[in-house]
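Student: Could you walk me through this structure? I'd like to begin with what a word like "buried" means.

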Amino acid sequence: MNTRDYIESGILEEYVLGAVSSQERQEVECLSKVYPEVKAELTRLEETLEQYALLHQTPVPARLKNDIFAQMTFGSIAEPQEAADIQETYVRPMPGGSTEIQPGPTAAVRPLWAMMAVAASVLLAIFAGWAAYQMSQTRAQNDQLAAEMSELRQRAEYNEALAANYRNPDVKVVRMPGLDKAPESIVVALWNQKTNDVLLDVQNLPVAPAGKQYQLWTIVDGKPVDMGMLDQEFSNRLLHMKSSSPNAVAFAITLEKEGGSPNPTMEEMYVMGKV
């Protein structure tokens with residue numbers, strides 16, 4: 001290869017100016033590494049071009065610098081929006097074949113975590129309502145069971161006390177069947193003749209009307225003796241009455257004004273039993 005002819009071909013100047021093809025650029029770079037004279041001429045051309053550029057350089061206008069820095073000014077970092085509003089547009093056909101673009105309704109697009117939070121809140125509300133309903137049902141069942149247990153306990157105590165009195169040889173059982181006012185009535189007086197304590201077992205007796213109350217009497221020496229008022233709630237209970245005279249010959253119950261009467265109303269006698 002004649003390096004002088006290659007150098008004088010002008011390809012090195014075109015390389016420095018960037019006017020060669022990729023193949024020519026590879027060729028120049030390869031030959032500059034093989035032939036020192038090509039490398040030296042290439043270096044001389046690059047230095048000459050650099051000096052020419054420095055000699056004819058033009059200062060950058062101050063206005064251009066300010067404009068560049070103004071465009072490089074960044075604003076504050078915006079906070080991520082929780083919900084973005086997206087406005088859609090619609091194309092509406094117009095008379096004469098033209099069209100008109102109109103803004104559509106704004107649709108709010110919420111992030112996924114917000115929708116998941118709403119769904120979790122709804123599920124939590126449903127679970128809380130279900131739990132409250134279950135608790136109310138359980139509380140109602142407990143109240144019902146407590147009432148039933150109390151009734152069973154009261155009935156058991158009543159039956160136990162009744163059986164104990166029937167087995168007690170000191171207790172005289174005086175049955176008082178119903179009279180014309182209430183023939184279906186039946187009341188039993190349990191009279192402990194040793195202590196003279198009297199218990200009443202009201203097995204069947206009409207409910208006393210408002211302002212009225214049943215009153216127990218004994219007949220002693222041919223005269224009625226007050227034995228006390230019957231409680232209005234007498235079902236499944238043994239009522240403790242006043243002590244009886246040892247000389248009582250009969251027991252009777254009349255319907256009197258509430259609080260009792262000093263003398264029995266004979267027309268309102270419901271039950272009576274002889275000793």
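Tutor: A residue is called buried when its relative accessible area is under 20%, exposed when it is over 50%, and partly exposed in between. Keep in mind as we go that this is a predicted model.

Student: Okay, so which residues are buried in α6?

Tutor: In α6, the buried residues are A114, Y158, L162 and N165. Among the elements that cover them are the strands β3 (171-177), β4 (186-192), β5 (198-204) and β8 (238-241).

Student: And how far does α6 reach from its first C-alpha to its last?

Tutor: Helix α6, which runs over residues 112-167 and has 56 residues, reaches 81 Å, and that is close to the 82 Å expected at 1.5 Å a residue.

Student: Switching topic, how many salt bridges are there in the whole structure?

Tutor: A search of the whole structure finds 4 salt bridges. One of them joins the side chains of R44 and E41, at 2.4 Å from N to O.

Student: Where do R44 and E41 sit?

Tutor: Both belong to helix α4 (residues 36-55), and because they are 3 residues apart there, about one helical turn separates them. E41 is buried at 17% relative accessible area, whereas R44 is partly exposed at 42%.

Student: What about K181, which residue does that one pair with?

Tutor: K181 forms a salt bridge with E268, with the closest N and O atoms 3.7 Å apart. K181 lies in the loop between β3 and β4 and E268 in the loop between β9 (248-257) and β10 (269-274), so the pair ties together parts that are 87 residues apart in sequence.

How values were computed: Residues numbered from 1 in each chain as written. Predicted model: local features only at pLDDT ≥ 70, side-chain atom pairs only at ≥ 80, totals over all residues. Heavy atoms only, no water. Helix = DSSP H or I, 4+ residues; strand = E, 2+ residues; numbered from the N terminus. Expected span 1.5 Å × (residues − 1). Buried < 20%, exposed > 50% of the residue type's maximum accessible area, 1.4 Å probe, protein only. Contact = heavy atoms within 4.5 Å.
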